[in-house]
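Here are some friendly notes to read alongside the model. Please keep the sequence and the 3D view open while you go through the points.

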Amino acid sequence: MAGSHSHSNAARKPPLPWTVRLKLVLLLPILYRPDSFLRRLLVSFIELQQVPAPHHPDVRSADVTIDASRGLWARVFSPSSSSATAADSSSPPPPLPVVVYFHGGGFVFNSAASRPYDALCRRLCSSLNAVVVSVDYRRAPQHRFPAAYDDALAALRYLDDDVNTATVLSDLVGPLHVDLSSCFLAGDSSGGNIVHHVAQRWASTSSSRLHVAGAVLIQPFFGGEERTGAELALDKACRSLSLEATDYYWREFLPVGATRDHAAARVCGDGVEVAPGFPPALVVVGGFDLLKDWQARYVETLRAKGKKVRVVEYPDAVHGFYMFPELADSGRLMEEVKLFVDAHRSKQ
């Protein structure tokens with residue numbers, strides 16, 4: 001597991017194509033500089049809205065309002081009916097699983113409309129043959145803990161409502177059907193953190209229809225006051241994430257005055273509550289991710305409480321590797337998520 005190899009990558013650099021390395025060298029040092037004017041400009045550039053493309057040949061999409069009073073909305077992606085039925089046109093296609101996705105960005109930046117996440121969710125939709133609901137939750141520092149968790153839970157309640165499913169999802173999905181008994185929560189980095197906390201909340205509530213069948217945590221953002229071996233060893237090994245950046249994100253997101261040992265950040269150890277109905281989890285770890293020791297402790301915590309956890313580790317992966325389709329591990333991740341969804345979806 002990741003925690004046993006904290007220092008193994010400290011002396012070498014991740015094997016990245018020059019195109020990816022250039023993006024990391026030029027963009028991320030600016031992006032992770034907390035009080036930089038250039039950072040604010042770059043964030044604005046990254047978050048340029050991409051208009052949904054409902055007539056895309058393989059994936060259709062539309063934006064739906066969940067709660068206008070707090071600006072909560074989601075971008076919904078669906079396989080086109082032609083692509084979904086192409087495999088076997090002699091029989092009606094089975095109902096589609098639903099993946100509710102929470103984007104990363106340290107709780108501070110990115111959105112469901114950011115170009116990288118629009119592209120990522122289209123890949124997920126096509127690879128999994130699933131409806132993907134990418135939630136645009138409120139971000140810090142304007143909206144600190146627990147706003148992101150509250151918004152994520154509101155999105156699940158929205159999907160659990162018969163009227164919303166019939167009027168909104170059915171319009172987009174068309175002749176296909178949605179299987180809310182096969183709902184998966186997925187997210188990367190801070191979105192992976194949201195996945196845990198929302199899965200925990202949902203498992204503690206009752207729902208007549210929506211069943212969270214699994215949780216996919218891609219390099220989830222956990223932490224604590226302690227500096228782990230991986231944090232110290234990998235802080236300078238790759239520019240995709242740094243301790244300066246993670247500390248900044250926690251300061252912006254957590255309640256004012258809270259430490260990184262707050263329950264939202266430190267999700268490991270005997271004191272962590274895990275509901276009896278907490279779903280099976282897939283945890284994705286990167287060998288060059290400075291967060292990997294916290295992720296290892298998270299996995300140990302779930303297993304100690306009797307939960308099913310599958311760990312997939314990519315030894316050469318940096319934090320955020322999945323955003324680069326040109327990386328082989330990014331394609332392998334899509335295959336792993338599909339295997340997980342297929343294994344845990346309801347059998348209809």
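1. Helix H11 spans residues 328-344, which makes 17 residues. In this predicted model, H11 reaches 25 Å from its first C-alpha to its last, close to the 24 Å expected at 1.5 Å a residue (the expected span is 1.5 Å times one less than the number of residues). Helices here are DSSP runs of H or I with at least four residues, strands are runs of E with at least two, and both are numbered from the N terminus.

2. Which residues of H11 are buried? They are Asp 329, Ser 330, Leu 333, Met 334, Glu 336, Val 337, Phe 340 and Val 341. Because these residues cover an arc of only 165° around the axis, they lie on the same side of H11 (the arc is that of the directions from the helix axis to the C-beta atoms). An α-helix has 3.6 residues a turn, so residues three or four places apart point the same way. On the other side of H11, Glu 335, Leu 339 and Ala 343 are exposed. Buried means under 20% relative accessible area, exposed means over 50%, and partly exposed is in between, with a 1.4 Å probe and protein chains only.

3. What covers the buried residues of H11? The cover includes helix H4 (115-128) and five strands: S3 (96-102), S5 (178-188), S6 (212-218), S7 (281-286) and S8 (309-314).

4. Now to the sheet. It is open, with 8 strands in the order S1-S2-S4-S3-S5-S6-S7-S8 and mixed pairing; two strands pair if DSSP finds at least two bridges between them. Strand S1 (59-67) and S8 are the edge strands, each pairing on one side only. On average, neighbouring strands are turned by 20° against each other, direction ignored. Helix H5 (residues 147-160) packs on this sheet and touches S1, strand S2 (72-79), S3, strand S4 (131-136) and S5. The direction of H5 makes about 110° with that of S1; axes are lines fitted to C-alpha atoms, for helices over the stretch in contact, and angles run from 0 to 180 degrees between N-to-C directions.

5. Have a look at the strand pairs one by one. S1 and S2 are antiparallel over 8 bridges, and Val 59 stands opposite Pro 79 in S2. The hairpin of S1 and S2 has 4 residues between the strands, and Gly 71 takes a positive phi near 70° there. S2 also runs antiparallel to S4, with 5 bridges, and Trp 73 stands opposite Asp 136 in S4. S7 and S8, by contrast, run parallel and are joined by 6 bridges; Val 285 stands opposite Glu 313 in S8.

6. S2 deserves a closer look, since 8 of its 8 residues are buried. In a regular strand the side chains alternate between the two faces of the sheet. From S2, Leu 72, Ala 74, Val 76 and Ser 78 point one way, while Trp 73, Arg 75, Phe 77 and Pro 79 point the other way.

7. Ser 134 is in strand S4 and is buried, with a relative accessible area of 1%. Among the residues that Ser 134 touches are Trp 73, Ala 74, Tyr 101 and Cys 121, not counting residues up to four places away in sequence; contact means heavy atoms within 4.5 Å. The C-alpha atoms of Ser 134 and Val 100 are separated by 6.0 Å, although these residues are 34 residues apart along the chain.

8. Helix H9 (243-253) comes before a loop leading to S7, and Ala 275 is found in that loop. In H9, 9 of the 11 residues are buried, so this helix is largely enclosed by the rest of the structure. Tyr 248, Tyr 249 and Trp 250 are among them. Ala 275 is also buried, with a relative accessible area of 5%, and touches Gln 200, Ala 203, Ser 204 and Lys 307, not counting residues up to four places away in sequence.

9. Finally, the whole protein. It has 11 helices and 8 strands, and 57% of its 348 residues count as buried. The average pLDDT, the predictor's confidence in each residue from 0 to 100, is 87, and 83% of the residues score at least 70. Over residues 2-6 the pLDDT is below 50.

10. A word on conventions. Residues are numbered from 1 along each chain as its sequence is written, and side-chain values use heavy atoms, leaving out hydrogens and water. As the model is predicted, local features need pLDDT of at least 70 and side-chain atom pairs count only at pLDDT 80 or more, while totals for chains, interfaces and linings use all residues.
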